[in-house]
Amino acid sequence: MKFLRYLLIGTIFGITLAKAEVISWFRIYEMFKFQSFHMYGVIGSAVVVGIIVIQIIKRNKLKSIDGEKIIIAPKQFSWARYLIGGSIFGLGWAMTGACPGPMFILLGNGVGVILVVIVSAVLGTYVYGKVRHKLPH
Amino acid sequence: MSQLLDWISQPWPWYVAGPLIALVMFSMLFFGKSFGLSANLRTMCSILGAGKSCEFFDFDWKTQTWNLVFAAGLVLGGLISYLYLGYEPAANISETTISELKGFGIESPGETVVPLEIFNWENLLSVQGFIFMIVGGFLVGFGTRYAGGCTSGHAISGLSDLQPASLLAVVGFFIGGLLMTYFILPHLLVM
């Protein structure tokens with residue numbers, strides 16, 4: 001039962017991205033071609049509201065429901081990891097039109113074959129785990 | 001009630017979706033968790049036993065159950081909008097995008113949620129389908145773990161926290177996405 005809250009938040013997130021057409025392959029293509037403001041509006045307004053939310057949390061030292069300090073785990077800066085890893089992800093994102101969130105939403109939205117993309121993404125993660133020591137980070 | 005249902009069944013504009021996404025991130029933080037979907041792919045590797053052969057997956061995946069449940073919520077959200085919230089596969093994409101994609105042989109751009117001539121079971125057996133679905137999915141899974149996060153973890157959570165690493169990751173997302181869309185997709189789409 002304690003997990004029910006995450007199911008609910010996930011459901012809201014899923015409905016939001018479905019209704020705002022973020023799960024559409026065509027919207028991602030359009031975004032990368034700069035042919036519409038829509039996706040930039042979605043991500044941009046999410047980030048603007050997100051920045052305000054995080055600032056409020058930090059300035060007021062708000063605590064989570066368990067009384068712990070709320071933090072977003074800081075990522076240690078490096079060039080190679082984010083630039084190369086990010087670019088590889090971007091190549092796949094533009095092909096499949098789906099990042100790891102929308103993949104799951106598309107599955108519920110009637111696109112059964114996206115299951116193949118999910119399985120393949122799990123495989124990609126596995127191969128990264130196997131070869132990560134050889135990669136620049 | 002039915003009026004409410006009609007109202008939320010319309011396509012949602014960006015200025016509704018964006019703040020809601022931020023609210024989702026805040027809710028996860030408030031419950032002491034993080035907002036990042038790609039971690040689930042790593043958890044799935046661990047569930048499948050990858051921890052035996054690789055220390056990267058050797059962790060107690062049960063501690064990640066909350067995130068798997070969150071992902072299950074995404075599937076459910078997709079299903080609810082499909083069944084009850086006036087499922088309208090068409091995306092209101094620009095005329096430029098439509099005519100451009102028609103030029104690449106996509107019959108009805110924007111009228112389905114994915115281009116059906118590419119994303120279907122039969123096409124998996126073709127070189128084109130293999131590249132779009134298998135190679136594409138692989139790159140997403142490999143790249144997102146290499147970069148330590150995807151759109152939710154970096155573009156939303158990381159940028160909201162003004163983290164330079166996340167900004168660099170998003171620059172990477174666009175380098176890859178633009179290369180693919182401008183230089184590679186034109187060839188793949190007409191295969």
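**Exercise 1.** How many salt bridges does the rule find across the interface of chain A and chain B? Work this out on the predicted model.

*Solution.* Start with the cut-off: a side-chain nitrogen of Lys or Arg has to sit within 4 Å of a carboxyl oxygen of Asp or Glu. Now try a pair. Arg132(A) and Glu55(B) have their closest N and O atoms 3.7 Å apart, so the pair makes a salt bridge. Run the rule over the whole interface of chain A and chain B and you get three. For polar contacts, the count between the two chains is 33 residue pairs, both partners at pLDDT 80 or more.

**Exercise 2.** Describe the contact between chain A and chain B, then the chain A side of it.

*Solution.* Step one, the residues: 110 come from chain A and 126 from chain B. Step two, the area: the chains bury about 10,400 Å² between them, with 77% of it on carbon and sulfur atoms. Lys19(A), Phe26(A) and Met95(A) supply 8% of what chain A buries against chain B, more than any other three residues. Step three, the helices: H4(A) gives the largest share of the chain A side, 17 residues. Step four, the chemistry: that side splits into 66 nonpolar, 31 polar and 13 charged residues.

**Exercise 3.** Why is Cys99(A) not in a disulfide?

*Solution.* Look for the closest cysteine sulfur to Cys99(A): it belongs to Cys150(B), 6.0 Å away, which is too far for a bond. Cys99(A) is also buried, at 8% relative accessibility. Repeat for Cys45(B): the closest cysteine sulfur is in Cys54(B), 8.7 Å off, again too far. Cys45(B) is buried too, at 3%. Searching the whole structure turns up zero disulfides over all chains.

Methods. Residues are numbered from 1 along each chain as its sequence is written. Chains are lettered from A and ligands numbered from 1 in the order in which they are written. This is a predicted model: local features need pLDDT of at least 70, side-chain atom pairs count only at pLDDT 80 or more; totals for chains, interfaces and linings use all residues. Side-chain values use heavy atoms; hydrogens and water are left out. Contact means heavy atoms within 4.5 Å. Buried area is the accessible area (1.4 Å probe) that two parts lose on being put together, summed over both. A polar contact is a pair of N or O atoms within 3.5 Å; within protein, one must be able to donate a hydrogen and the other to accept it, and residues adjacent in sequence count only if both atoms are side-chain atoms. Helices (H or I, at least four residues) and strands (E, at least two) are DSSP runs, numbered from the N terminus. Ala, Val, Leu, Ile, Met, Phe, Trp, Tyr, Cys and Pro count as nonpolar, Asp, Glu, Lys and Arg as charged, and the others, Gly among them, as polar. A disulfide is a pair of cysteine sulfur atoms within 2.5 Å. Buried means under 20% relative accessible area, exposed over 50%, partly exposed in between (1.4 Å probe, protein chains only).
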